[in-house]
Amino acid sequence: MSQTIKTDVVLVGAGIMSATLGALLRQLQPEWSISLFEVLDAAAAESSDPWNNAGTGHSALCELNYTPQDANGDVNVDKAININEQFQVSRQFWAHAVDKNILGDPTEFINPIPHVSFTHGEAGVSYLRKRYDKLSRHPLFEGMEYITDADEFSARLPLMSDGRDFSDPVALNWFTDGTDVDFGALTQQLLNYVGRDADIYFGHRVTNLSKQSDGSWIVKVTNERTGEKLKVHAGFVFVGAGGGALHLLQKSGIKEAKGFGGFPVSGEFIRCTDPELIGQHHAKVYGQAAVGAPPMSVPHLDTRVINHQPGLLFGPYAGWSPKFLKNGKLTDLVSSVKPNNLLPMLSIAPQEFGLLKYLISELAASTADRIETLNEFAPRAVAGDWEFVTAGQRVQVIRKTGVGGSLEFGTAVVAAEDGTIAGLLGASPGASTAVPAMLDVLSKCFPGSFEGWRSKLIEMIPSFGQKLSDNTALFGEVWDWSSKSLQLTNSRTDAARQNSPAPTSV
């Protein structure tokens, strides 16, 4: 026997995206009813889990794939600036949420960790200098350092200097005010707030979505424990189900989802088990991908802070599985192929030969090969001090372009023209830009309400509607305020500004 539920908003998935959207709606429309459905038995158990990602607050401070160098040697920093702008929006919302007791102790989910770019060899050093010359002059990247001195390198990164041959030149772009983010803890805190006035169902699988003549949706749900069926009437549906979003958007039948495909990539990290070694590294250090390798392969050695305990993670080592979720099905990829996305998906293989070659080489790599990759960062690392952990499954977006398709390594909001349903596809920078992504959903799906929400949005995000790079005074204000509220280092500011209240937009 089935049960019928009526609600204003259905959120599918209990990850960072649904949690963020739920928290925003609780602030903007507190009278709206919300129901959230998650197939697993806990929040943030897929990609948002802290050991399923590197926890980098993706602000483009250290990720070299966001500052590509062209054939003429010029470094393009446009993408880095755009991503940093987006992260500042997320950071402001988190600070507001702490101030208003939406979130609790910020040290549970965000901690100050330097963000560092690392290269070696003459070409790498030259590239990093060009990157520094462009970024350090930009207001959002003020304070970045360029380091080539071996003694300074050793003082700041003892684990990486031990056993290193400095006859091979090294360079760092060092940014002290980076962060490590536990998106699992952040998601749980947000859902604790959302759940005060919403119904959250764990162990419930959304099986189908069908649109009604009045524009509302019927969401069919199965209780995975009891088999009970639920029929949910909803005015708006958000599909924030990670790799599972594509299948549900396809089932919805909306034209905006047609032509999209997904390419799944699994991965592994190696995690340090030696507390002494963990204590010798305090930074998130990103290197360069191997020649011909895709952006997702950028190696990085990361300090993590989970449950107030420091940890050390290196990777990623890519793998492949046809599953779209870590807890998905082996049939996920095949079942996602439809007549409208068959050609875009088939066209990817010849275009992405480098990616396929990289995945094959990664699958063939031995443990010794993987430790050798780590040795580029930590020359004396040995296998006995590290253990393998399986990362979250990522589904890269395949978008229809003409008769073929293109593989994208970012995120994409897919929204119906009438605004009654939306979903998020893709991966990195993902969680770090959850707030601007969900603001995009709100602007597309609630255009009639969005202008009326403006004053509340500015209260939550003082830079809303502006680029901080165009307003350095406002950037200084929001940086000081968010640093204080989130209990982060505040090295850019003078002490007199640390007690300032949340700024208002100017």
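This report walks through the predicted model shown above, from its overall build to a few single residues.

**The whole protein**

Let's start with the big picture. The protein has 17 helices and 20 strands. Its radius of gyration is 23 Å, close to the 23 Å that the globule rule gives for 506 residues, so the protein is as compact as a globular protein of that length. If you lay the C-alpha trace along its principal axes, it spans about 70 × 55 × 45 Å.

How much of the chain is tucked away? Buried residues account for 57% of the 506 residues. On the outside, the protein exposes about 20,400 Å², and carbon and sulfur atoms supply 51% of that area. The chain also brings distant parts of its sequence together: among contacts between residues at least 6 apart in sequence, 73% join residues at least 24 apart.

**The cores and helix H2**

Here's a handy bit of background: in soluble globular proteins, nonpolar side chains tend to be buried together. In this model, the largest nonpolar core has 83 residues, and Trp94, Phe238 and Leu442 have the most contacts inside it. Helix H2 gives the most to this core, with 10 residues. Apart from it lies another core, of 40 residues, with Ala234, Phe263, Ala318 and Ile398 among them.

Helix H2 is worth a look of its own. It covers residues 78–99, which makes 22 residues, and it reaches 32 Å from its first C-alpha to its last, close to the 32 Å expected at 1.5 Å a residue. Since 17 of those 22 residues are buried, H2 is largely enclosed by the rest of the structure. After the helix comes asparagine 101, whose phi is positive, near 60°.

Now back to leucine 442. Which residues does it touch, leaving out those up to four places away in sequence? They are Leu21, Leu24, Leu25, Leu28, Pro447, Phe450 and Trp453.

**Strand S15 and its partners**

Strand S15 runs over residues 309–319 and is mostly covered, with eight of its 11 residues buried. You can follow its pairing with two other strands in this table.

| Strand paired with S15 | Sense | Bridges |
|---|---|---|
| S12 (residues 261–272) | antiparallel | five |
| S14 (residues 300–306) | antiparallel | seven |

Zoom in on the S12 pairing and you'll find glycine 267 opposite alanine 318 of S15. On the S14 side, valine 305 has proline 310 in S15 as its bridge partner. S14 and S15 form a hairpin with two residues between the strands, and asparagine 307 takes a positive phi there, near 55°.

**Two residues to compare**

Serine 347 sits in the loop between helix H10 (342–346) and helix H11 (348–351). Is serine 347 buried or exposed? Its relative accessible area is 16%, and buried means under 20%, so serine 347 is buried. Not counting residues up to four places away in sequence, serine 347 touches Gly404 and Gly405.

Glycine 448 belongs to helix H15 (residues 447–450). With a relative accessible area of 76%, where exposed means over 50%, glycine 448 is exposed. How far is glycine 448 from alanine 473 in space? The two are 25 residues apart in sequence, and their C-alpha atoms are 32 Å apart.

Conventions. Residues are numbered from 1 along each chain as its sequence is written. This is a predicted model: local features need pLDDT of at least 70, side-chain atom pairs count only at pLDDT 80 or more; totals for chains, interfaces and linings use all residues. Side-chain values use heavy atoms; hydrogens and water are left out. Helices (H or I, at least four residues) and strands (E, at least two) are DSSP runs, numbered from the N terminus. The expected span of a helix is 1.5 Å times one less than its number of residues. Buried means under 20% relative accessible area, exposed over 50%, partly exposed in between (1.4 Å probe, protein chains only). A nonpolar core is a set of buried Ala, Val, Leu, Ile, Met, Phe, Trp, Tyr and Cys residues joined through side-chain atoms within 4.5 Å. Contact means heavy atoms within 4.5 Å. Two strands pair if DSSP finds at least two bridges between them. The radius of gyration is taken over C-alpha atoms; the globule rule is 2.2 Å times the number of residues to the power 0.38. Accessible areas come from the Shrake-Rupley method with a 1.4 Å probe; for residues, only the protein chains shown count as cover.
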